[in-house]
Amino acid sequence: MSSEVSISSMSTYAILGCGSVGHAVADELAAGGKDVLILDKDESRVEALRDQDLNAQRQDIREPEVASAVEDRDVILILSSDVEANKAAVSTIRERGGDQFVVVRASDPVSEDELTELGADVVINPSTVIADSALRTLESGELEYKARQLADVLVATDGELAILTHDNPDPDSIASAVALRQIAEEYGVDADILYNGDIGHQENRAFVNLLGIDLLSRDETKPLSQYGAVALVDHMKSGDFDVEVPIDIFIDHYEPDREFDATFTDVRPNVSSTSTILTKYIQEFDLSPSEEVATALLYGIRAETLDFKRDTTPADLTAAAYLYPFANHDTLEQVESPSMSPETLDVLAEAIQNREVQGSHLVSNAGFIRDREALAQAAQHLLNLEGITTTAVFGIAEDTIYLAARSKDIRMNIGNILQDAFKDIGEAAGHSTQASVEIPLGIFTGIETSEDNRDTLLALTEEAVRRKLFQAMGVDGSESGNGS
């Protein structure tokens, strides 16, 4: 037992069976000034324990008298290597009707179940404990090894580092890029954060503006070939690997959908955000994150896990706990409560009015729009409706149909669904929980766009897109309603 474990000062303890495990626990408790009684059937062992000023008594824990011996103890730890003796002790103590907290040692999964059924509050299997400890050590060792590899790439970089987010970057992608930039600076490497598309979502714009994050559009900067190295962070959401130069660094929490070569790769689908991965590197490099970096990473984790309500792992929680004291929480509050633009409000109102629901799937037409990012916000808001697990909102801007979808249905990968549904007529990108599509209007309707046929185009688009979406989601839309 580690000395870091917090044990109530109000408790008294009994250790039944004092082999190597029991002895280690007894030493730890005694060192903490705890009242510990030790029972063991081996007379020589009991004498040795007494010589160490421990309160030890000879007692076979199989015998019924053991219950009387420990009746005044709050916590009973039954730690003999003899599992049958442990079972007998649990049965005797529980039959007496006491309410002590009982911790028992098992030897395998079968005995774990048997001891639980006999009334043990906690069952410990040393094999499982050792395996868990080994895995934690392995994880720590792997991170140390990966950190050395990443450092080697940065040391070898001759020139600036280009850090590419995914298209239309979200907080997780931006925060991960900001963190990698701080790590690169520690190795004397200047870095630019580059993106394609727009930063249109109001929370994302507030996030960038309030933290003063310097991002460069790919259209406004030098070619990637003029950088000393290129990194892709949280890039898989865009589904775009059309990078014209070799990739030096690839860090993501989504598996690539095709093979590629990179000098350094760290992909961890067992965590819920790339910000979590970069936080681990900040810790491994023993860096104190700047307020900007810590706030960005904490928001990236919270945004990706829907404030720890979606697919949150222990690694995400420990990363967030580490970042918490470094972050600016006033800034976080401002980022999470941005004002809604009139355009977004109009799109949301139109989407609510025109919603059509089939089962738990909602599809809506927002009509002609000016800000396509408002579609994503409308899709996210509509996902909060009772009984809705998947939303898709589409609208027309100039000569293009834009569609944004969101899903919290664990059985569905909305990115794959839209890719399959629209790959022949448009461009789709996304992953399991969010996706987008762009479709040339003329290709979809067969009608050239003009001011005179806007209403006709809208009607044709609405009918065709709704039908295609519901079919792709596995429903035909024949019993649709407005979800009122």
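Which residues point one way from strand 16, and which the other way? Thr 400, Tyr 402, Ala 404 and Arg 406 point one way, Ile 401, Leu 403, Ala 405 and Ser 407 point the other way, and all are buried. The tour of this predicted model returns to that strand after a view of the whole chain.

**The whole chain**

Begin with the entire chain displayed as a cartoon. The chain holds 17 helices and 18 strands. Along the principal axes, its C-alpha atoms fill a box of roughly 100 × 60 × 40 Å. The radius of gyration is 30 Å, whereas a compact globule of 484 residues would have a value near 23 Å. Of the 484 residues, 49% are buried. Among contacts between residues at least 6 apart in sequence, 60% join residues at least 24 apart.

Next, display the surface. The chain exposes about 23200 Å², and carbon and sulfur atoms supply 45% of that area. Colouring by charge brings up 36 positive and 89 negative charges, whose mean positions are 4 Å apart.

**Strand 16 and its partners**

Select residues 400-407, which form strand 16. Eight of its eight residues are buried. In a regular strand, side chains alternate between the two faces of the sheet.

Add residues 390-397, strand 15, which runs antiparallel to strand 16 and is joined to it by eight bridges. Within this pairing, Val 393 stands opposite Ala 404. The two strands form a hairpin with two residues between them. Centre the view on Glu 398 in the turn, where phi is positive, at about 55°.

Now select residues 434-440, strand 18. Seven bridges join strand 18 to strand 16, and the two run antiparallel. Here Thr 400 of strand 16 stands opposite Pro 440 of strand 18.

**From strand 18 to strand 17**

Keep strand 18 in view and add residues 427-430, strand 17. These two strands pair in the antiparallel sense over four bridges, and they form a hairpin with three residues between them. Select Glu 427 to find its bridge partner in strand 18, Glu 438.

**The loop at Ala 327**

Finally, move to Ala 327, in the loop between helix 11 (314-323) and helix 12 (329-336). Is this residue buried or exposed? Ala 327 counts as buried because its relative accessibility is 10%, and buried means under 20%. Setting aside residues up to four places away in sequence, Ala 327 touches Ala 294, Thr 295 and Leu 298. To end, draw a C-alpha to C-alpha distance from Ala 327 to Glu 117: the two are 46 Å apart in space and 210 residues apart in sequence.

Conventions: Residues numbered from 1 in each chain as written. Predicted model: local features only at pLDDT ≥ 70, side-chain atom pairs only at ≥ 80, totals over all residues. Heavy atoms only, no water. Rg over C-alpha atoms; globule rule 2.2 N^0.38 Å. Buried < 20%, exposed > 50% of the residue type's maximum accessible area, 1.4 Å probe, protein only. Contact = heavy atoms within 4.5 Å. Areas by Shrake-Rupley, 256 points an atom, 1.4 Å probe, with all protein chains shown as cover. Lys, Arg positive; Asp, Glu negative; His and termini not counted. Charge placed at Lys NZ, Arg CZ, Asp CG, Glu CD. Pairing = 2+ DSSP bridges.
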